[in-house]
Amino acid sequence: MTEYDTYYDVGLGGGRNTLTAKRFWEASAEERFVVQQCGDCSEHVFPPQDVCPYCWADALAWTEVSGDGVVHSFSTVYIDLHEAWAERVPYTVAFVRLAEGPLVVSNLVDCDPDEAEIGMDVEVVFGELPGEDGVFPQFRPATGDSG
């Protein structure tokens with residue numbers, strides 16, 4: 001990575017600068033959470049892929065999902081590893097199992113780090129991230145009034 005690259009340009013799922021992930025980032029900009037769904041086996045797929053990892057079909061299409069999920073695992077960062085994130089320390093990164101099946105890695109927001117727990121119901125919210133352009137899906141404890 002060069003000093004001008006960001007995680008989302010070169011990171012998990014190919015980042016924003018790939019044709020495969022382009023529709024995900026376009027939907028995020030509209031505050032819609034989308035994943036791919038296979039037309040052959042009906043599995044939901046994330047991160048974006050060229051073929052279904054379950055049945056190898058090239059029948060993936062984008063579909064909007066609820067954004068509801070459960071915290072599968074998490075880690076709270078207490079040391080700023082990059083100056084852009086210094087003001088957010090501590091922050092929590094969570095593995096969220098979506099209601100539709102895929103496992104997504106994102107930030108857990110609007111939640112004190114001491115309140116985060118495995119099994120917590122969460123919902124998607126969209127917001128900016130330090131040092132990044134655009135809107136990103138993140139998760140907060142479920143309030144029951146999303147959407």
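These legends walk you through a few close-up views of a predicted model.

**Figure 1. The whole chain, with two helices and eight strands.** Start here to get your bearings. Following the chain from its N terminus, you meet the elements in the order α-α-β-β-β-β-β-β-β-β. The chain has 147 residues, and buried residues make up 38% of them.

**Figure 2. A cis peptide bond leading into proline 47.** This view shows the link from phenylalanine 46 to proline 47, which is cis with omega near 5 degrees. To find the spot, look in the loop between strand S2 (44-45) and strand S3 (60-64), where proline 47 lies. Most peptide bonds are trans.

**Figure 3. Tryptophan 56, a residue with a positive phi.** Stay with the loop between S2 and S3, which also holds tryptophan 56. Its phi is about 70 degrees, although tryptophan 56 is not a glycine. Most residues other than glycine have a negative phi. Is tryptophan 56 buried or exposed? Tryptophan 56 counts as exposed because its relative accessible area of 64% is over the 50% cut-off.

**Figure 4. A cis peptide bond leading into proline 90.** Here the bond runs from valine 89 to proline 90 and is cis, with omega near -5 degrees. Proline 90 sits in the loop between strand S4 (68-77) and strand S5 (91-98).

**Figure 5. Serine 106 and its contact with proline 137.** Now move to strand S6, where you will find serine 106. With a relative accessible area of 10%, serine 106 falls under the 20% cut-off and is therefore buried. What lies 2.6 Å from a polar atom of the serine 106 side chain? The partner is the backbone oxygen of proline 137.

**Figure 6. Aspartate 110 in the loop between S6 and S7.** Aspartate 110 is not a glycine, yet it has a positive phi of about 55 degrees. Aspartate 110 is also exposed, as its relative accessible area is 64%.

**Figure 7. A negative surface patch.** Which residues form this patch? Look for Asp112, Asp114, Glu115 and Glu117, which make up the patch together. One of them, glutamate 115, is found in the loop between strand S6 (103-108) and strand S7 (121-127). Glutamate 115 has a relative accessible area of 51%, so this residue counts as exposed, the cut-off being over 50%.

Methods:
Residues numbered from 1 in each chain as written. Predicted model: local features only at pLDDT ≥ 70, side-chain atom pairs only at ≥ 80, totals over all residues. Heavy atoms only, no water. Patch = residues over 30% accessible without salt bridge, like charges linked within 9 Å, V, L, I, M, F, W, Y side chains within 5 Å. Areas by Shrake-Rupley, 256 points an atom, 1.4 Å probe, with all protein chains shown as cover. Salt bridge = Lys/Arg side-chain N within 4 Å of Asp/Glu carboxyl O. Lys, Arg positive; Asp, Glu negative; His and termini not counted. Charge placed at Lys NZ, Arg CZ, Asp CG, Glu CD. Helix = DSSP H or I, 4+ residues; strand = E, 2+ residues; numbered from the N terminus. Buried < 20%, exposed > 50% of the residue type's maximum accessible area, 1.4 Å probe, protein only. Polar contact = N/O pair within 3.5 Å; in protein donor to acceptor, adjacent residues only side chain to side chain.
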